[in-house]
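Reader: Please take me through this one step by step. I would like values, and the cut-offs behind each term.

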Amino acid sequence: MHIRIECQNLIQTFLSNCFPLHWPPTFQSWIFLLAELPTKIQALEMSSAAVAASAMGHMLDNQALVKQGLNCYIQGLQHLQKALYDLNLVREDGTLTACMALSLYEALECPNQGSEGYFNHCRGIIALIQSRGHEMHSSGLGHQLFLGILFSLNHHTSTIFFESTWMEQPWAVIPKTSHDQVTDCLAQAPMILERIRSLPHLPKFQQVDLLQRLIRECWRINKQLDVTYDEMQSQDLYWQVPSQTPLFSDLFPVVFCFRDAQSAATLVLLWATRTML
């Protein structure tokens, strides 16, 4: 019991010190679920504590906390392995969250001095989501976790997330936001990049045909972005104001102020996606 209370206090301290107090509810990261999900799942408890100890240890320059984070990470891995073989725990939201927390720890600490551990966790997360089925990600905490995974994992190759079923069914109950719609457009990038990488291996006439199809596809995505942007423009989304930072005022004489954090994130993602096209 003492260890559990210590872990919970550590997680709460991490969240209160590392994230804005009044973060808009519609823009909350999955990380906030660490304090909301039941801690009956030991894998979740230890993996959450690992992330919290690592972050707070580096923030406070406390190597004892950093070391504690590694110990929690090792225990989290052990408990997760048991949970994945437990028919009652494998489909729990807490088990999926534990996977995400362990992948975050890998990104923060890189305990094996390489990226393979992180990508192994990412592959495991995708496999676990697939085994849970899209029905478990269409509402409630399951949907929040799905969105967190969708936005946090970097995909350079196609995965299940880009299949039509997974781009539609998790939103069967909850309508897509503008941010979700932009993410759908961005999600098509890996398939385009895969075909671009195949160009040097094709005969010239096939290269021309593929390039023409890719151009049409990019124009189609660009049109989708136009529709989303037009739907967002019911109110002022951003405006320009003079820069108040002397160091950069010559380089950036004006800055953008956004209506809210959600609008800012959506527009930045939209502009970035359009630039890639």
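Reader: How far apart are the end C-alpha atoms of α2?

Author: Helices here are DSSP runs of H or I with at least four residues, strands are runs of E with at least two, and both are numbered from the N terminus. The expected span is 1.5 Å times one less than the number of residues. α2 has 18 residues, so it should span 26 Å. That agrees with the separation of its end C-alpha atoms, which is 25 Å.

Reader: What kind of model is this?

Author: Residues are numbered from 1 along each chain as its sequence is written, and side-chain values use heavy atoms, with hydrogens and water left out. Local features need pLDDT of at least 70, side-chain atom pairs count only at pLDDT 80 or more, and totals for chains, interfaces and linings use all residues, since the model is predicted.

Reader: How many residues of α2 are buried?

Author: Buried means under 20% relative accessible area, exposed means over 50%, and partly exposed lies in between (1.4 Å probe, protein chains only). α2 is mostly covered. Of its 18 residues, the buried ones number 15.

Reader: Which residue with a positive phi follows α2?

Author: Most residues other than glycine have a negative phi. Here a residue other than glycine has a positive one, near 55 degrees. The site is in the loop between α2 (42–59) and α3 (63–84). The residue is Asp61.

Reader: Is Asp61 buried or exposed?

Author: The relative accessible area of Asp61 is 64%. That value is over 50%, so Asp61 counts as exposed.

Reader: What span should helix α4 have, at 1.5 Å a residue?

Author: Helix α4 covers residues 93–109, which makes 17 residues. Its end C-alpha atoms lie 24 Å apart. This agrees with the expected span, 24 Å.

Reader: Which residue with a positive phi follows α4?

Author: α4 itself is mostly covered, with 13 of its 17 residues buried. After the helix comes a phi near 50 degrees. The residue that takes it is Cys110.

Reader: Leaving aside neighbours within four places in sequence, which residues does Leu108 contact?

Author: Leu108 lies in helix α4. At 46% relative accessibility, Leu108 counts as partly exposed. Contact means heavy atoms within 4.5 Å. By that test, the partners of Leu108 are Val51 and Ser54.

Reader: Which residues of α5 are buried?

Author: Helix α5 runs over residues 116–132, and its end C-alpha atoms are 24 Å apart, in agreement with the expected 24 Å. Just after α5, Gly133 takes a positive phi of about 85 degrees. The buried residues of α5 are Gly117, Tyr118, His121, Cys122, Ile125, Ile126, Leu128, Ile129 and Arg132.

Reader: Are α4 and α5 roughly parallel or roughly antiparallel?

Author: Axes are lines fitted to C-alpha atoms, for helices over the stretch in contact, and angles between N-to-C directions run from 0 to 180 degrees. α4 and α5 pack at about 165 degrees, with their axes 8 Å apart. Angles under 35 degrees count as roughly parallel, over 145 as roughly antiparallel, 65 to 115 as roughly perpendicular, and the rest as oblique. So α4 and α5 are roughly antiparallel.

Reader: How do the residues of the contact of α4 with α5 divide?

Author: The α4 side includes Leu96, Met100 and Glu106, and the α5 side includes Tyr118, Ile125 and Arg132. Ala, Val, Leu, Ile, Met, Phe, Trp, Tyr, Cys and Pro count as nonpolar, Asp, Glu, Lys and Arg as charged, and the others, Gly among them, as polar. The division is 9 nonpolar, 4 polar and 3 charged.

Reader: What is the handedness of the crossing of α10 and α11?

Author: Helix α10 (residues 204–232) and helix α11 (residues 261–276) pack at about 155 degrees, with axes 11 Å apart. That makes α10 roughly antiparallel to α11. A crossing is left-handed if the near helix is turned anticlockwise from the far one by less than a right angle, and right-handed if clockwise. This crossing is left-handed.

Reader: Which residues of α11 are met by α10?

Author: From α10 come Asn222, Leu225, Asp226, Tyr229 and Met232. They meet Thr266, Leu267, Leu270, Thr273 and Arg274.

Reader: What separates the C-alpha atoms of Phe256 and Tyr238?

Author: Phe256 is found in strand β2 (residues 254–258). Its contacts beyond four places in sequence are Tyr238, Trp239, Gln240 and Trp271. Tyr238 is 18 residues away along the chain, and the C-alpha separation is 6.3 Å.

Reader: What percentage of the residues of the chain count as buried?

Author: The chain has 11 helices and 2 strands. Its C-alpha trace spans about 65 × 50 × 40 Å along its principal axes. Of its 277 residues, the buried share is 42%.
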